[in-house]
Amino acid sequence: MKQIVVLSGKGGTGKTTVAASLAHLASRQGRVVLADADVDAANLELLLAPRQIEVHEFTGGKLAVIDQGRCMGCGACEAACRFGAIVPNQGDFRADRFRIDSHACEGCAACVYSCPANAIRMEDQVAGRWFVSETRFGPLAHAHLFAGQENSGKLVTRVKQRAREIAQEEVRDYVIVDAPPGIGCPVIAACSGADLALLVAEPTVAGVHDLERMLATTDHFRVPALVAINKHDLNPARAREIDLFCKSLGVPVVARIPFDTTVTEAMVQGRTVTEHADGPLSKELERLWAALLTHIEGAKACT
Amino acid sequence: MIVTVASGKGGTGKTTVATGLAVAVATALDQEQAPADGTVQLIDCDVEEPNAHLFLKPAIQARREVGVLTPVVDQAKCNGCRRCAEVCAYHAIAVLGSEVLVFDELCHGCGSCATNCPERAIREELRVTGVVEEGRSGPIAFAHGILNVGEAMAVPVIRELKRRQAKNGPDRLVIRDAPPGTSCPVVECLRGADYALMVTEPTPFGLHDLRMAVGVARDELGLPVGVVINRDGVGDRGVEEYCRREGIPVLMRIPLDRRIAEACSEGVPLPVALPEYLGTFLSLYRRLQEGVGR
């Protein structure tokens with residue numbers, strides 16, 4: 001079983017569009033499991049019409065809770081908290097003196113240890129839900145992190161772990177992971193254990209800048225990377241810059257995907273591009289999948 | 001007025017709107033009278049992939065390393081009591097026999113280990129995870145943060161960045177350019193703001209992620225919310241209908257236009273590339289002021 005992660009650094013470069021099409025193409029040739037690692041803005045399900053078969057609660061971090069009956073209002077907790085999560089209440093001095101700002105609380109429990117009255121406890125927080133669903137291409141592991149919650153990296157790890165389990169149980173060939181944008185904790189979690197990373201880049205100054213940081217990140221975690229330039233014809237000079245930069249690092253550019261309004265048309269109809277049309281765009285995505293297979297088989301030969 | 005430009009979905013044009021607004025307001029003020037320091041400030045809070053500097057090309061005047069305070073154990077004073085490992089909520093400390101192991105990347109810098117060590121054997125040192133840079137782009141005060149490659153936690157860098165924020169006031173404009181998504185870094189960018197300006201595109205992905213972002217900004221944090229529809233004309237009517245149903249004002253529309261896409265791809269602020277957008281961004285600014293006043 002081989003794990004391919006679709007990354008980008010910059011948001012909105014076409015990760016999900018590419019990942020969904022790869023899922024379609026992979027399902028025609030082998031058996032595939034999908035994982036949507038963008039747990040705060042999960043979009044793969046909008047193209048795959050998933051039918052849920054498993055639902056699980058995700059317990060993220062902990063949250064401090066003040067027992068107002070015991071609180072003496074000494075303020076030791078406020079002094080101990082480095083995250084500004086203990087907030088003095090305004091007004092009547094007999095009212096509860098402090099409250100917890102749940103969005104600022106990092107669950108460290110420094111307040112618990114500082115409280116001389118034992119008036120603060122930590123409670124588990126249900127921070128989201130994760131699912132296994134059936135789709136027309138194969139099983140999909142995905143999740144919804146609740147609004148504003150922490151620990152997205154932990155939830156991504158959970159989703160990926162289940163996807164791998166399914167791939168092993170059902171003897172499936174590929175796990176395709178759709179990563180979130182950025183280079184921080186959920187992205188690191190999405191990359192971990194990947195056999196191959198496909199970076200979807202766009203030919204803009206921001207796209208080039210973000211690709212450089214993304215490639216530094218895959219290099220840091222020693223995940224072999226390939227690049228696909230999306231909307232390459234939008235700015236040929238910047239596309240060339242990406243080509244040259246990748247060449248200097250020895251990173252193969254395996255696809256040059258043209259700008260095409262078919263992408264949005266397919267999305268509106270809830271289909272992948274390769275299902276929707278067989279124009280130049282789909283041809284290039286087919287070439288991309290073939291290139292990924294070659295590289296993955298190459299990686300297998302080396303090990 | 002502090003406006004956080006957010007979106008949920010990535011690549012919808014947050015930085016285009018944030019920089020366009022900053023340039024238009026600063027230009028208008030410049031024509032009346034030279035604006036005082038900090039009248040218009042842009043803070044790029046997307047520390048994982050900062051891009052606003054590519055549009056504003058600021059001259060950087062100050063640079064500071066930032067990070068997380070992590071424990072350093074004085075093994076001579078340590079008696080191996082394991083209290084530090086017990087109090088650490090992140091499993092960043094383990095005690096093996098007489099040796100204390102610290103896993104720096106897991107540490108959130110809460111200080112519990114140091115405070116609770118009965119032997120006072122732990123001191124804290126700054127572990128650098130990124131930098132914060134400040135400078136100017138013409139009349140615009142600029143700040144951004146850069147998370148080091150391989151670091152997981154964006155929030156400590158964003159927090160340091162917010163400390164560089166100019167004084168707030170009704171005649172001042174602070175624009176925070178947020179990262180995509182709806183999790184903790186986005187919450188940190190929204191906290192303390194007066195208005196959440198959501199940039200979206202009229203597609204199913206744009207709508208789905210807009211709803212998530214509104215869930216954080218309006219429903220969780222209680223901020224007034226308005227929408228900019230970018231690439232207006234593509235996709236479907238979903239975003240439009242959602243905004244009408246929810247009573248969320250659509251404050252500005254940017255059509256799908258090859259000239260705009262090309263300008264953005266080269267990092268040219270929209271009002272510089274297409275001067276007719278000066279007025280468009282100024283009316284956005286007025287509507288934001290009305291929105292905050294209400």
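Q: Which residues does L199(A) touch, leaving aside residues up to four places away in sequence?

A: This is a predicted model, so keep that in mind as we go. To read a contact list, look for partners that come from distant parts of the chain. L199(A) touches L7(A), S8(A), L211(A), M214(A), L215(A), A225(A) and V227(A), with residues up to four places away in sequence not counted.

Q: Which residues have the most contacts inside the largest nonpolar core?

A: L199(A) is one of them, along with I176(A), V177(A) and V227(A). That core has 157 residues. Another core lies apart from it, with 31 residues, and among these are C77(A), C108(A), C88(B) and C113(B).

Q: Why is strand β9 of chain A described as largely enclosed by the rest of the structure?

A: Here you check the strand residue by residue. A residue is called buried if 20 or more other C-beta atoms lie within 10 Å of its own. Strand β9 (residues 196-201) of chain A has six residues, and five of them are buried, so the strand is largely enclosed by the rest of the structure.

Q: Which strand pairs with β9(A) over four bridges, and which over five?

A: To read pairing, ask who the partner is and which way it runs. Strand β1 (residues 2-7) of chain A is joined to β9(A) by four bridges, and the two run parallel. In that pair, V6(A) stands opposite L198(A). With strand β10 (residues 225-230) of chain A, β9(A) makes five bridges, again in the parallel sense. There L199(A) faces V227(A), standing opposite it in β10(A).

Q: How does the chain cross from β9(A) to β10(A)?

A: Follow the backbone out of one strand and into the other. The chain goes through helix α7 (residues 205-220) of chain A, and this β-α-β crossover is right-handed.

Q: Now for chain B: what is the order of strands in its open sheet of nine strands?

A: Walk across the sheet from one edge to the other. The order is β3-β6-β7-β2-β8-β1-β9-β10-β11, and the pairing is mixed. At the edges sit β3 (59-73) and β11 (250-255) of chain B, each pairing on one side only. From one strand to the next, the twist averages 20°.

Q: In which sense do β6 and β7 of chain B pair?

A: Strand β6 (residues 122-137) and strand β7 (residues 140-147) of chain B are antiparallel, with eight bridges between them. As a landmark, find E133(B), which stands opposite H144(B) in β7(B).

Q: How far apart do the C-alpha centres of domain 1 and domain 2 of chain B lie?

A: Start with the bounds: domain 1 covers 2-66 + 129-293, and domain 2 covers 75-120, in the domain assignment of chain B. Their C-alpha centres lie 40 Å apart.

Notes
Residues numbered from 1 in each chain as written. Chains lettered and ligands numbered in written order. Predicted model: local features only at pLDDT ≥ 70, side-chain atom pairs only at ≥ 80, totals over all residues. Domains from an automatic or database assignment. Pairing = 2+ DSSP bridges. Axes fitted to C-alpha atoms, helices over the stretch in contact; angles between N-to-C directions. Core = buried A, V, L, I, M, F, W, Y, C linked by C-beta atoms within 7 Å. Buried ≥ 20, exposed ≤ 12 C-beta atoms within 10 Å, placed from the backbone. Contact = placed C-beta atoms within 7 Å. Right-handed = clockwise from strand over helix to strand, strands pointing away.
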